[in-house]
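Q: Please take a close look at one part of this model: the helix that gives the most to the main nonpolar core. Set it in its surroundings, then move outward to the rest of the fold.

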Amino acid sequence: MAGRTLTIATDAQTAPPVALVRRARTINRALAEVYPDAHCELDYRNPFELLVATVLSAQCTDVRVNQVTPALFARYPDAATMASADRDTLEELIRPTGFFRSKAESLLGLSRDIVERFGGVVPGRQSDLVTLRGVGRKTANVVLGNAFGIPGITVDTHMGRLARRLGLTVNEDPVVVERDLMALIERREWTLWSHRVIFHGRRRCTARSPQCGSCEIAALCPSAPGAKVRQER
C-alpha cells in the first residue's frame, strides 16, 4: 500500500451523488452525538510512540497493545534506541500482541529509516511516512491525524465494514474506500469521522452480531432490517 497516491474526483461525471454526500454527513453528525468523546484508544505521548503502537495494533486489540507499550517504551523511548534493539529482546516484549516476529521486523526497519533518513524524528508528511518499512496509508493516517493534527481517514477493518454496510462504498480495497469516503466527508472531519466509525464498529456494528435493533443510526443504514434507505448510486 505504501507509495500509492489518491486523487479525489471533482467533476460532475465522477463526483458522488449529492444525496449520498448529505446522508454521509448526516451519519457523521449522528455518530458525533452518540460518541462525543470518540478518540484514538492507543496510549501514546509523541508521534514515535503512536507509530509503534499502531504497528502493534494490527490484528490485536488496543487494550492489549496498551498493556505492552509501557515496558516497551521504557526500554526503547525513541527511534534511535529501538533501531539498535536486540531482536530477541524486542520480540519478547511485543510477543503478547501476536505476529511478534514480523512486527519486530517492521519496528526495527521503520526505526532505522527514521534515524537514517529523518534525523531520528518521525516525519509529518504522508509521502514520507509511507516510505518507512512496515508503514502503509492506514498507519500513516493514524499518526498524522492524532499526533500531527493533519486530517486523514483511517480505513481499518471496522471502517471498511461499516462503510459498505452504510452504502457509502461498494469497494473492498482500503485505498479505494479511503478515496470514496474522502469525497463524502468534510476534510476537517476526517480524523473524527474515523474515530466515530471505529467506536461504532467496536461497540454496536460488530462483524458477526451487529446490534441493529438498538443502533442509533439504523434509519440511515441500508443494511438494517426493514431499511427504507435508498442506495444513491
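A: What follows starts with helix H2, then turns to the loops and the other contacts. The model is predicted.

H2 spans residues 47–56. Nine of its ten residues are buried, so the helix is largely enclosed by the rest of the structure. The cut-off for buried is under 20% relative accessible area. The buried stretch reads Phe48, Glu49, Leu50, Leu51, Val52, Ala53, Thr54, Val55 and Leu56. Glu49 and Thr54 are therefore on the buried list, but they cannot count toward a nonpolar core, because such a core is built from buried Ala, Val, Leu, Ile, Met, Phe, Trp, Tyr and Cys.

What surrounds H2? Its buried residues pack against H3, H4, H5, H6 and H8. Those five helices reappear in the largest nonpolar core. This core has 35 residues. The elements giving two or more residues to it are H2, H3 (62–75), H4 (79–83), H5 (87–94), H6 (100–118) and H8 (137–147). H2 gives the most, with seven residues. In soluble globular proteins, nonpolar side chains tend to be buried together.

Leu72, Ile94, Leu107 and Leu110 have the most contacts inside the core. Take Leu110. Beyond its neighbours within four places in sequence, Leu110 touches Phe48, Leu51 and Val55. Those three are among the buried residues of H2. Leu110 is also in contact with Leu132, Arg133 and Val135.

Now the loops. Gln59 lies between H2 and H3. Its phi is near 55 degrees, a positive value in a residue other than glycine. Gln59 counts as exposed, because its relative accessibility is 68%. The loop between H5 and H6 holds Arg95 and Phe99. Phe99 also has a positive phi, about 50 degrees, although it is not a glycine. Arg95 counts as partly exposed, with 40% relative accessibility. Arg95 and Leu56 are 39 residues apart in sequence, and their C-alpha atoms are 9.9 Å apart in space. Leu56 is one of the buried residues of H2.

Next, the second core. A separate set of 29 residues includes Leu31, Leu184, Trp190 and Cys215.

Helix H11 (residues 190–203) packs with helix H9 (residues 157–165). The axes of H9 and H11 are 9 Å apart, at an angle of about 85 degrees. The two helices are therefore roughly perpendicular to each other. H9 brings His158, Met159, Arg161 and Leu162 to the contact. H11 brings Trp193, Ser194, Val197, Ile198, His200, Gly201 and Arg202. By type, the contact residues divide into five nonpolar, four polar and two charged.

H11 also takes part in an aromatic pair. A search of the whole structure finds one such pair. The ring centres of Tyr35 and Phe199 lie 6.0 Å apart, and the planes meet at 70 degrees, so the pair is edge-to-face. Phe199 sits in H11, while Tyr35 is in the loop between H1 (18–34) and H2. The two are 164 residues apart, so the pair links distant parts of the chain. Both Tyr35 and Phe199 are buried.

Methods:
Residues are numbered from 1 along each chain as its sequence is written. This is a predicted model: local features need pLDDT of at least 70, side-chain atom pairs count only at pLDDT 80 or more; totals for chains, interfaces and linings use all residues. Side-chain values use heavy atoms; hydrogens and water are left out. Axes are lines fitted to C-alpha atoms, for helices over the stretch in contact, and angles run from 0 to 180 degrees between N-to-C directions. Helices (H or I, at least four residues) and strands (E, at least two) are DSSP runs, numbered from the N terminus. Angles under 35 degrees count as roughly parallel, over 145 as roughly antiparallel, 65 to 115 as roughly perpendicular and the rest as oblique. Contact means heavy atoms within 4.5 Å. Ala, Val, Leu, Ile, Met, Phe, Trp, Tyr, Cys and Pro count as nonpolar, Asp, Glu, Lys and Arg as charged, and the others, Gly among them, as polar. A nonpolar core is a set of buried Ala, Val, Leu, Ile, Met, Phe, Trp, Tyr and Cys residues joined through side-chain atoms within 4.5 Å. Buried means under 20% relative accessible area, exposed over 50%, partly exposed in between (1.4 Å probe, protein chains only). Rings of Phe, Tyr and Trp (its six-membered ring) pair if their centres lie within 6.5 Å; planes under 30 degrees apart count as stacked, over 60 as edge-to-face and the rest as tilted.
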